[in-house]
Amino acid sequence: MRMNERFKFRAWDIINRKMYKCAGFLSGQVIIIEDDGKVLGKNDEGFILMQFTGLKDKNGKEIYEGDLVRTIITIKKDEPGSRSRKDISVGTVIFKEGEYLPRNILNENWYSTIQTIDCWEGDYEPAIHRTSSVEVIGNTYENLELILKG
């Protein structure tokens, strides 16, 4: 990945309720790209910025902060001969403690990593996890119904 591809943003227009590609920032303005390709500078107070994580989902779609992702996690207990199971989780991508994580929308205290989970702590038995599938299914601004549906 080239360096400039890592630092990409998109911008949610709070007033007009629309998502834009973001070309950059300049003196308190966010530079947005409209659907017709027109580039405009807008006061950044009316926008929520979301950074590209540097990761893509299973379909090659870029994953941004604020995206809703469905993860299918294969769980295998640390015991010989134990059977594995798959859990499906829907979460909002956030930046926490140096990494991008999907925060489960049904249980905000449960996080998984987008790439590999080494252990599962809490009320569950220790296990080895591996995210086998991550898919962007929307974002928290344009797809509120997915969050409410849970």
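## Aromatic pairs

Rings of Phe, Tyr and Trp (its six-membered ring) are taken to pair if their centres lie within 6.5 Å; planes under 30 degrees apart count as stacked, over 60 as edge-to-face and the rest as tilted. The structure, a predicted model, holds four aromatic pairs.

In one of them, phenylalanine 9 and phenylalanine 25 meet edge-to-face, with 5.1 Å centre to centre and 80° between the planes. Phenylalanine 9 belongs to strand 1 (residues 9-13) and phenylalanine 25 to strand 2, so this pair ties together parts 16 residues apart in sequence. Strands (E, at least two residues) are DSSP runs, numbered from the N terminus. The relative accessibility of phenylalanine 9 is 22%, hence partly exposed (buried is under 20% relative accessible area, exposed over 50%, partly exposed in between; 1.4 Å probe, protein chains only).

## Sheet

An open sheet of six strands follows the order 4-3-2-1-5-6, with antiparallel pairing (two strands pair if DSSP finds at least two bridges between them). Strand 4 and strand 6 (62-64) are the edge strands, each pairing on one side only.

Strand 3 (residues 29-33) and strand 4 (residues 39-43) are joined by five bridges, and valine 30 has lysine 42 in strand 4 as its bridge partner. These two strands form a hairpin with five residues between them, where glycine 37 in the turn has a positive phi of about 90°.

## Basis of the values

Residues are numbered from 1 along each chain as its sequence is written, and side-chain values use heavy atoms, leaving out hydrogens and water. In this predicted model, local features need pLDDT of at least 70 and side-chain atom pairs count only at pLDDT 80 or more, while totals for chains, interfaces and linings use all residues.

Key
Helices (H or I, at least four residues) and strands (E, at least two) are DSSP runs, numbered from the N terminus.
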